[in-house]
Amino acid sequence: PNASSTIAVTDTTSPIYGTTVSIPQNAVSEPVDISILEITPPVPPPAELIELSPAVDLQPDGTHFNVPVTVTLSYNEQIVLNGWVSEQGLKIFFLDTNTNSYLPLNNSIVNTADNTVSADITQINGLILMVMGKPMTSFEFTDYTPLLQAGSLSSLTLRAITSDWYTVEGFNGVVKITLTGV
C-alpha cells in the first residue's frame, strides 16, 4: 500500500503483451493481487468503432483505488493503417454492464511512438477494456492550387475527418486523386 507498483504482461507471445497497470503509492489501503486477463468481449463493439486491441479484464472486481491508477494497452498499428483510423483519436473504451454499451475513457492519452493508449481509472468493477477508434469517413481539401496543364504540379491541404468530426491534420496513408475534365 505504501509503495508504487506496476503489473505488466511481459509474455511477448501474448496478444495483450505490453498491457500494464501502474499503481501509485497509497492507491490501496491494504495489499491486493491484481490480474490482467485476455477475454472475449461478452458484447460485440458497435459497428462504428474498430477494435485495435484484444479485450482485457482487470481483476479482482470490487477493487477501489484511493488515487487514480494508470492502465496502458497496446494497439495494432497495422489495423490503424488498414482501417483508416486516426491514431490521435484512439481511446480506451470500457463496457458499461448496466447498458451493455462501450463508453470511452475520455482521459485516454495516445503514445504513437509506442503504439499504446493510457487512461486513469479509480476502480475495477467488471472492467473490460479495449482500444478502439473511429474510421476516417471523409476528407476536406483546402488551399488548393488548380492545375494549369496536365502533368504540372499542384498543391493542396488535406485533412481527414471521422464520423464525429474529429479532424486529423496528419495521417499515414495514400490518397489517389484523379482529375477529370482537365
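Author: A strand here is a DSSP run of E that spans at least two residues, with numbers assigned from the N terminus. By that definition Thr116 is found in strand S10. This is a predicted model.

Reader: Thanks! Is Thr116 called buried or exposed, and why?

Author: Its relative accessibility is 12%. Buried means under 20%, so Thr116 counts as buried.

Reader: Which residues does Thr116 touch, apart from those up to four places away in sequence?

Author: Thr116 touches Thr72, Leu73, Ser74, Tyr75, Ile109, Val110 and Asn111. Each counts as a contact because heavy atoms lie within 4.5 Å.

Reader: What makes Asn115 worth a look in terms of phi?

Author: Phi of Asn115 is near 55°, which is positive although the residue is not a glycine. Asn115 sits in the loop between S9 and S10. With a relative accessibility of 16%, set against the limit of 20%, Asn115 counts as buried.

Reader: And where is Asn26 placed?

Author: Asn26 belongs to the loop between S2 and strand S3 (35–39). Asn26 too is not a glycine, and its phi is positive, about 65°.

Reader: Why is Asn26 given its class of accessibility?

Author: The value is 40%. Partly exposed covers what lies between under 20% and over 50%, so Asn26 counts as partly exposed.

Reader: What about Pro31: buried or exposed?

Author: Pro31 has a relative accessible area of 68%. The cut-off for exposed is over 50%, so Pro31 is exposed. Pro31 lies in the loop between S2 and S3. In sequence Pro31 and Asn2 are 29 residues apart, while their C-alpha atoms are 9.5 Å apart in space.

Reader: How do you know what kind of peptide bond joins Gln59 and Pro60?

Author: Omega is about 5°, and the bond is cis. Pro60 is in the loop between S5 and S6.

Reader: Let's turn to strand pairing. How many bridges link strand S7 and strand S8?

Author: There are four bridges between S7 (residues 91–96) and S8 (residues 101–104), in the antiparallel sense. Two strands pair if DSSP finds at least two bridges, so four bridges satisfy the rule. Within S8, Tyr102 is the bridge partner of Leu95. The hairpin of S7 and S8 has four residues between the strands, and Asn100 takes a positive phi near 55° there.

Reader: What does the side chain of Asp96 reach?

Author: The side chain of Asp96 reaches the backbone nitrogen of Asn98 at 2.8 Å. A polar contact needs N or O atoms within 3.5 Å, so 2.8 Å meets the distance cut-off. Asp96 lies in strand S7, and its relative accessibility of 18% is under 20%, so Asp96 counts as buried. Beyond neighbours within four places in sequence, Asp96 is in contact with Ser101 and Leu103.

Reader: Which strands stand at the edges of the open sheet, and why are they called that?

Author: The open sheet has five strands in the order S1-S2-S6-S10-S9, with antiparallel pairing. Strand S1 (5–8) and strand S9 (109–111) each have a single partner strand, so one side of each lacks a neighbour in the sheet. From one strand to the next, the twist averages 25°. Four antiparallel bridges pair S1 with strand S2 (residues 20–23), and Ala8 stands opposite Thr20 in S2.

Reader: What makes a set of residues a nonpolar core, and how many residues has the largest?

Author: The members must be buried residues of types such as Ala, Val and Leu, joined through side-chain atoms within 4.5 Å. The largest such set has 28 residues, and those with the most contacts inside it are Leu58, Leu90, Ile92, Ile121, Leu129 and Val131. S2, strand S5 (55–59), strand S6 (63–74), strand S10 (116–124) and strand S11 (128–133) each give two or more residues to this core. A second, separate core has nine residues, including Val43, Leu49, Ala55 and Phe93.

Reader: Which residues is Leu90 in contact with, leaving aside neighbours within four places in sequence?

Author: Among them are Leu52, Tyr75, Val80, Val110 and Val131.

Reader: Finally, how many strands and helices does the chain have?

Author: The protein chain has 14 strands and one helix. Of its 182 residues, 33% are buried.

Methods: Residues are numbered from 1 along each chain as its sequence is written. This is a predicted model: local features need pLDDT of at least 70, side-chain atom pairs count only at pLDDT 80 or more; totals for chains, interfaces and linings use all residues. Side-chain values use heavy atoms; hydrogens and water are left out. Buried means under 20% relative accessible area, exposed over 50%, partly exposed in between (1.4 Å probe, protein chains only). Axes are lines fitted to C-alpha atoms, for helices over the stretch in contact, and angles run from 0 to 180 degrees between N-to-C directions. A polar contact is a pair of N or O atoms within 3.5 Å; within protein, one must be able to donate a hydrogen and the other to accept it, and residues adjacent in sequence count only if both atoms are side-chain atoms.
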